[in-house]
Amino acid sequence: MVAGAITESFVMSTFDNPLDQRRRLNRSGCGCGRHVSEAEHDRDAATQVPNTQLQCVAVENEDRRFQGVVASAVMRAVFPQDAARRTFLKAVGSSTALAALSQFFPLGTATEVFAQGGPIEKKDLKVGFIPITCGTPIIMAEPMGFYARRGLNVEVIKTAGWAVIRDKTINKEYDAAHMLSPMPLAITMGAGSNPIAYTAPAIENINGQAITLSIKHKDKRDPKSWKGFKFAVPFDYSMHNYLLRYYVAEAGLDPDTDIQIRAVPPPEMVANLRADNLDGFLGPDPMNQRAVYDGVGFIHMLSKDMWEGHPCCVFAASREFITQAPNTYAALLKAIIDATAFASKAENRKQIAEAIAPPNYINQPVTVLEQILTGTFADGLGSVKRVPNRVDFDPFPWESFAVWILTQMKRWGQIKGDVDYAGVAKQVFLATDTGKLMREAGLTPPTATSKSFSVMGKAFDPSKPEDYIKSFRIRRSA
């Protein structure tokens with residue numbers, strides 16, 4: 001949870017301390033239970049109860065969080081009137097009170113049941129991933145035990161490319177998968193495949209991409225000089241494709257006629273750069289940093305410098321999976337949210353780099369992964385950069401992210417005709433559902449589901465997607 005001052009007049013949070021006699025547990029009424037509101041109680045008593053500001057702090061660990069939830073529920077049931085609870089706590093003290101409750105209510109057992117949630121329909125799962133740092137939460141959740149803590153036995157399976165990920169997930173060889181954020185939208189709309197209802201309930205990473213150029217192009221930093229260049233992106237339906245197109249179009253180049261863009265699986269990008277089959281790529285890490293490490297490329301621009309906080313990859317699952325195994329889905333998503341929260345903290349990044357470096361995961365030198373995850377890295381031009389949020393992790397799937405992606409799909413002719421931008425975004429990017437599960441995991445999600453942002457200095461209003469598309473001189477759509 002995010003630290004912040006709250007007052008006595010607010011409803012007590014699920015994760016606040018139920019043994020704090022200063023807090024009111026009832027969701028309505030007053031402390032004595034005899035008035036409609038605390039204000040009426042105050043007027044009746046002719047005294048003003050002072051507001052006490054408390055800090056809503058993060059719970060120390062998972063077990064304590066669940067203990068607090070259960071203890072709070074029990075205290076509400078045993079003492080429906082706050083006056084009686086306060087008298088009890090004042091008489092015996094908080095530690096004795098908890099022990100006393102345990103005498104007649106199995107707090108330990110109840111805590112375990114609450115932590116597990118509903119019965120998991122399927123414990124053994126297969127989740128596909130591409131070996132890139134964008135999938136860090138999905139990947140690290142296996143070796144670092146986040147899946148096991150939610151009662152799941154998850155096998156994360158390294159996969160060759162995005163088309164394979166898509167096909168194996170659609171064919172149900174995988175229960176869920178690491179996908180590029182546009183892929184569930186494309187699958188749902190039938191762009192590039194038959195339409196199947198898919199969802200993106202969690203963003204895996206924000207930022208974390210770069211334009212990398214061949215070392216021979218050190219003197220060609222102006223994109224206007226890139227006419228005739230051959231670029232790679234991981235997949236047609238990718239943020240990489242849309243960001244590269246956006247970037248060169250802003251420089252006056254038509255990405256369909258002035259340069260070549262081809263889809264290349266991320267693990268093959270550096271080899272193709274070395275073999276001079278490519279002039280550059282807008283790709284995921286570790287490919288950018290590996291090109292520097294191998295001396296064959298340099299980092300021209302981080303994607304965060306085009307759009308700070310942009311989404312890249314997502315955790316994706318079919319609507320059918322969510323419907324048929326809702327408790328499994330909830331446990332899986334909570335595990336990924338937990339892992340994402342852990343990955344968002346800078347002090348954990350080196351530990352994560354070690355966990356995901358082995359051959360069965362990303363198969364890269366720990367040094368390369370540390371440079372990416374910590375944001376202290378060589379750029380291939382002789383400098384060491386320090387960009388702590390070069391890659392970051394925030395699971396909330398803003399619906400406006402999906403709307404922007406849809407505008408680019410239409411801008412470049414991947415989808416045509418009328419598009420229900422807001423409807424599709426809400427159907428695929430499950431901001432409301434994810435917010436609920438984040439709260440259950442002890443985190444504080446945003447209260448809104450959409451937000452405005454800027455891409456290369458140009459503001460995007462998610463309520464006016466067609467106007468946004470028409471504002472671009474270079475586009476395929478009418």
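Helix α9, which spans residues 182–189, gives three residues to the lining of the largest cavity, the most of any contributor. The model examined here is a predicted one, and a cavity is a useful place at which to enter it. Rolling a probe the size of a water molecule over the atoms shows where empty space is left. In this structure there is one cavity of 30 Å³ or more, and the space within the largest cavity amounts to about 40 Å³. Its lining consists of R166, M183, A186, I187, A191, G192, S193, F235 and Y237. Sorted by class, these lining residues comprise six nonpolar, two polar and one charged.

The setting of this cavity is a protein chain with 20 helices and 18 strands. Of the 478 residues in the chain, 54% are buried. The contacts also show how the chain is folded upon itself: among those between residues at least 6 apart in sequence, 75% join residues at least 24 apart.

One element that illustrates burial is strand β8, formed by residues 209–214. Six of its six residues are buried, so the strand is largely enclosed by the rest of the structure. Strand β8 has two partners to consider. With strand β11 (residues 280–284) it runs antiparallel, and five bridges join the two; within this pairing, A210 stands opposite G283. With strand β12 (residues 297–302) it is likewise antiparallel and joined by five bridges; here T212 stands opposite I299.

T212 merits a closer reading. This residue belongs to strand β8, and it counts as buried because its relative accessible area is 0%, where the cut-off for burial is under 20%. Leaving out residues up to four places away in sequence, T212 touches L273, D279, G280, F281, N288, A291, G297, F298, I299 and H300. One of these, N288, also forms a polar contact with T212, side chain to side chain, at 2.7 Å. Another, G280, shows how folding joins separate parts of the chain: T212 and G280 are 68 residues apart in sequence, but their C-alpha atoms are 5.4 Å apart in space.

The path now leads from strand β8 to a helix. H240 lies in helix α10, which covers residues 239–250. Is H240 buried or exposed? Its relative accessibility is 1%, and therefore H240 counts as buried. The side chain of H240 makes a polar contact of 2.7 Å with the side chain of Q209, and Q209 falls within the residue range of strand β8. Apart from neighbours within four places in sequence, H240 is in contact with L180, Q209, V233, P234, L282, G283, P284 and C312. Among these is G283, the residue of β11 that stands opposite A210.

A last example comes from a loop. G375 is located between helix α16 (366–374) and strand β14 (376–378). G375 is buried, because its relative accessible area is 0%. Not counting residues up to four places away in sequence, G375 touches E370, K385, R386, V387, P388 and R390. Between the C-alpha atoms of G375 and R349, which are 26 residues apart along the chain, the separation is 9.8 Å.

Conventions. Residues numbered from 1 in each chain as written. Predicted model: local features only at pLDDT ≥ 70, side-chain atom pairs only at ≥ 80, totals over all residues. Heavy atoms only, no water. Helix = DSSP H or I, 4+ residues; strand = E, 2+ residues; numbered from the N terminus. Buried < 20%, exposed > 50% of the residue type's maximum accessible area, 1.4 Å probe, protein only. Polar contact = N/O pair within 3.5 Å; in protein donor to acceptor, adjacent residues only side chain to side chain. Contact = heavy atoms within 4.5 Å. Pairing = 2+ DSSP bridges. 1 Å grid on protein atoms, 1.4 Å probe; cavity = no way out; pocket = protein on both sides within 12 Å on 5 of 7 lines; lining within 4 Å. Points joined across faces, edges and corners; volume = space filled by probe spheres on them. Nonpolar A, V, L, I, M, F, W, Y, C, P; charged D, E, K, R; others polar.
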